[in-house]
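Visitor: I have a model open here and should like to go through it with you. Could we start with how far to trust the coordinates, and then look at some details?

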Amino acid sequence: MAAASLFLLSTISFFISSSSTTSCRSSCGLLPIHYPLSIDDGCGSPLYRHLLSCNASLSNNSPPILLLRTPSGSYPIISLSYSNQDSHLIISDPSMWTCKALSPFPQAPFSLDTSTRFSLSSQNSFLFLNCSPDTVVIERRPALCDKFPDRCGSSCDSDAYLCQNFPGCPNLIAESSNTCCSYFPTAMESVRKMLRHCMGYVGLYWRVKESGDGGDGDEVAEYGIRVDFEIPVMAKCRNCVEKGNGTCGFDTVTGNFLCLCGGENSTTSCEDGPWKHRASAVVIAVSATVASFVGLAGFGALICYLRKLRPNKVVTGGVQSNENSLF
């Protein structure tokens, strides 16, 4: 009975602990983490589950690093924007060429999983260095490309502005024997195909300079790759945040929406009361478990009672009678 009681208590504890709410971190280092993104399972939107991670920095004095997980590896995220019309993140690929680090043989260029809600932004520019003239068609950019950029995706432009103006080292190509051409890939698979015939690549994105940054809307090229993402419009999430300051999340088993309210869950909002989610299931499961153990305990007691009532039989041909017992 003691073992049964112990098992009963552990079972109840399991059900209660399994219904507890995940704690959602709101930042990683200096970058904010908001819906629909998350670094904790059960937080944010299930559409972006397991795509971000927060890793400790190699330097003791540096903050943690937010990483984007892709089929080709994990890449540091430089910045994040949650604007409804312009939600995006900027990643850095360590295998890219920069003024400070020339990597002539990148191991695994950045790639995206096309099944996710992440997409390669059209504001990116890609430069490929030291390409083989025998396998890559290099020609000057036709004038019509300025008006019809969709018609100019079949060749590598050798007269690109960025090739002559690397951010931070504008004379890198002119003062070296390296060659450069620009090409926007239709997919990240195109980057890998290009690198079969080129020594390296550079990813640049165009950032709009704000008034406080010494600009008036002008664009400036910076190192990195811009990845756009969608923010799902959900009335349930808006209701969760506005009523009770909850956090939008989801059930890690079913994927259904959850409003996370500190240490409790709700299917609507924090003002509607805690434990709306799984509470009935936990009560039913615990009640069923208790009933089962009570039934087993009662059945065991009945068997013991019947054994006491059963008459003892004297065995005269063995050693169980007093007459032929040795002791």
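Guide: We shall take confidence first, then a sheet, and then two residues in loops.

Visitor: What is the average pLDDT of the protein?

Guide: This is a predicted model, and its pLDDT averages 75 over the protein. A score of at least 70 is reached by 68% of the residues.

Visitor: Where does the pLDDT stay under 50?

Guide: Residues 1-21 stay under 50, and the model gives them 25 contacts beyond four places in sequence. Residues 275-291 also have a pLDDT below 50, with 27 contacts in the model beyond near neighbours in sequence. Where pLDDT is low, the predicted coordinates should not be read in detail.

Visitor: On to the sheet, then. In what order do the 6 strands come?

Guide: The order is β3-β4-β5-β6-β14-β7, in an open sheet with antiparallel pairing.

Visitor: Which strands stand at the edges?

Guide: Those are β3 and β7, the latter covering residues 118-120. Each has a single partner strand, so one side of each lacks a neighbour in the sheet.

Visitor: And by how many degrees are neighbouring strands turned against each other?

Guide: The average for this sheet is 45 degrees, with direction ignored.

Visitor: How many bridges link β3 and β4?

Guide: β3 pairs with β4, residues 65-70, over 4 bridges in the antiparallel sense. One bridge sets leucine 52 opposite leucine 68 of β4.

Visitor: Changing topic: where is aspartate 40?

Guide: Aspartate 40 lies in the loop between β2 (31-32) and β3 (52-55).

Visitor: Is aspartate 40 buried or exposed?

Guide: Aspartate 40 is buried, because its relative accessible area is 14%, and the cut-off for buried is under 20%.

Visitor: What does its side chain reach?

Guide: The side chain of aspartate 40 comes to 2.8 Å from the backbone nitrogen of arginine 25.

Visitor: Now asparagine 178. Which loop holds it?

Guide: Asparagine 178 sits in the loop between β10 (156-157) and β11 (180-182). Asparagine 178 counts as buried, since its relative accessibility is 18%.

Visitor: Which side chains make a polar contact with that of asparagine 178?

Guide: The side chain of asparagine 130 does so at 2.9 Å, and that of serine 176 at 3.3 Å.

Visitor: Leaving aside residues up to four places away in sequence, what does asparagine 178 touch?

Guide: On that basis, asparagine 178 touches Trp97, Asn130 and Ile173. Asparagine 130 is thus named again, having already appeared as a polar partner of asparagine 178.

Technical notes: Residues are numbered from 1 along each chain as its sequence is written. This is a predicted model: local features need pLDDT of at least 70, side-chain atom pairs count only at pLDDT 80 or more; totals for chains, interfaces and linings use all residues. Side-chain values use heavy atoms; hydrogens and water are left out. pLDDT is the predictor's confidence in each residue, from 0 to 100. Contact means heavy atoms within 4.5 Å. Helices (H or I, at least four residues) and strands (E, at least two) are DSSP runs, numbered from the N terminus. Buried means under 20% relative accessible area, exposed over 50%, partly exposed in between (1.4 Å probe, protein chains only). A polar contact is a pair of N or O atoms within 3.5 Å; within protein, one must be able to donate a hydrogen and the other to accept it, and residues adjacent in sequence count only if both atoms are side-chain atoms. Two strands pair if DSSP finds at least two bridges between them. Axes are lines fitted to C-alpha atoms, for helices over the stretch in contact, and angles run from 0 to 180 degrees between N-to-C directions.
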